[in-house]
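Work through the following exercises with the sequence and the model open. Each task is followed by a solution in steps.

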Amino acid sequence: MKIDKHISGEGASLATLLAAAYEDGSGSITPPIYQTSLFSFDSFQAFEETMAGRRQQDLYTRVTNPTIHVFEDMMAKAEGGEEAVAFSSGMAAISSTLFAFLRPGDRVACVENVYPDAYRLFEKILRPFGVEVTYHAVSDFEDKPDLLKGCRIAYLESPNSMLLQAMDLAKVAAHARLHDVVTVIDNSWATPVFQNPLAHGIDIVLHSASKYISGHSDVVAGVVVSSHDKIKAIRELTLPLFGGKLAPFEAWLLIRGLRSLHARMKQHEATANLFIERLSAHPAVKTVCSPAPNSVPGLRGRSGLMTIDFSPSVGIEGLVDELKYFKLGVSWGGFESLVMPSKVGLAQKGEQNSLQRFEVPDTMVRVSVGLEDAEDLWRDFATALQASLD
Ligand SMILES: Cc1ncc(COP(=O)(O)O)c(C=O)c1O
């Protein structure tokens, strides 16, 4: 099962690659959904040889499945990696990657303001298992090569969550190589359309595919892309034993999402640019957090997720309640526009989250601009902002 063999080679642009028709000789331009848990064998010999690893055949969907393989193949090509492995959520991708490489006594250097549940994974599961975790500012990762000395993994997001601070990936990757540190980055914000971390020397790229890759807010999924060696380590250890494998139908939806990823990202970017330009000139706005294209090497564009820090004159509750086209909710990257005030994240029950730990101001609102008409969205937002002023 392969996506079009004529397109999958070098030279094709990403939009062409993602839109390439699927090809298996049947004429179908989209892959079938192999909605099966297991694959049977013709003979004892075929069964035994497959179990022994001397023969390649799908065995069980927790490990491999042809529909899932098409998605993995497309993601590997999109990120410029050798291989990919897909998971049932972004968190399954993150935890399965970390547990494949970490052992008690290891240290992880993690970027500050990391995604809240990744932070909880570090604090509530990895730390009690004997993994030390230290948190560092983006600028420290860039400017202090020795920060990574003695580390096993550098866990990065560029940009990071909520504050959306981007980092120079080539610089950090070079520091990591000095100390033999494995670099892992969450590339969910930029997507392969705007950033390819592997090309800058990062070892492992992962995504919450629930965001832009799906694009339709109807799938929870994750994916990891890297070299054959690193994906092999995950495939042999944490993929089968944690069992957080993607399901075939979800893989099929993700393949459909990837077809339009390039076009959607361009539309999100255009609307984000319009919002950022107008908000930056608004007297009630202190800052708009969103890394500009080329603000760090290799960042080619801007997605639709930004965080606005308002002056105290803005009543956040009134603002979000006044909005008509923006839904209130977690997550982002779908067709629909969404807002999430930092006050809501700061109020989250349970274990401390990263917004609380890194003291994100309560005057912020995270905005995900969707695929609606940009001027309709702006009119709605500007009206609600005006109404929320003292
Ligand atoms: C940056 C980032 N990474 C990872 C995740 C986790 O992904 P999932 O919800 O698919 O498990 C999220 C979810 O919001 C996220 O924002």
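**Exercise 1. Find which residues Arg127 touches, not counting residues up to four places away in sequence.**

Step 1. Arg127 touches Phe122, Val133 and Tyr135, where contact means heavy atoms within 4.5 Å. The model is predicted: local features need pLDDT of at least 70, side-chain atom pairs count only at pLDDT 80 or more, and totals for chains, interfaces and linings use all residues. Residues are numbered from 1 along each chain as its sequence is written, and side-chain values use heavy atoms, with hydrogens and water left out.

Step 2. Place the residue: Arg127 sits in the loop between α5 (116-126) and β5 (132-136). Helices (H or I, at least four residues) and strands (E, at least two) are DSSP runs, numbered from the N terminus.

Step 3. The side chain of Arg127 reaches the backbone oxygen of Val133 at 3.1 Å. A polar contact is a pair of N or O atoms within 3.5 Å; within protein, one must be able to donate a hydrogen and the other to accept it, and residues adjacent in sequence count only if both atoms are side-chain atoms.

Step 4. Arg127 counts as partly exposed because its relative accessibility is 33%. Buried means under 20% relative accessible area, exposed over 50%, and partly exposed in between (1.4 Å probe, protein chains only).

**Exercise 2. State how β4 is joined to β5, and how many residues of β5 are buried.**

Step 1. β4 (residues 107-111) runs parallel to β5, joined by five bridges. Two strands pair if DSSP finds at least two bridges between them.

Step 2. One of the bridge partners is easy to locate: Val111 is matched with His136 in β5.

Step 3. Four of the five residues of β5 are buried, so β5 is largely enclosed by the rest of the structure.

**Exercise 3. Decide whether the faces of β7 are covered or open.**

Step 1. Val182, Val184 and Asp186 lie on one side of β7, Thr183 and Ile185 on the other, and all are buried, which leaves both faces covered.

Step 2. Five of the five residues of β7 (residues 182-186) are buried, so this strand is largely enclosed by the rest of the structure.

Step 3. For the pairing, β6 (residues 153-157) and β7 are parallel over five bridges. Ala154 stands opposite Thr183.

**Exercise 4. Determine whether Ser226 is buried or exposed, and list its contacts.**

Step 1. Ser226 belongs to strand β9 (residues 222-226).

Step 2. Ser226 counts as buried because its relative accessibility is 2%.

Step 3. Leaving aside neighbours within four places in sequence, Ser226 contacts Gly81, Glu82, Glu83, Asp203, Ile204 and Ile231.

**Exercise 5. Describe the packing of α4 and α9.**

Step 1. α4 (residues 90-101) and α9 (residues 228-236) pack at about 100°, with axes 9 Å apart. Axes are lines fitted to C-alpha atoms, for helices over the stretch in contact, and angles run from 0 to 180 degrees between N-to-C directions.

Step 2. The angle therefore makes α4 roughly perpendicular to α9, a class that covers 65 to 115 degrees.

Step 3. Ser96, Thr97, Ala100 and Phe101 in α4 meet Lys230, Ala233 and Ile234 in α9.

Note on methods. Parallel < 35°, antiparallel > 145°, perpendicular 65-115°, else oblique.
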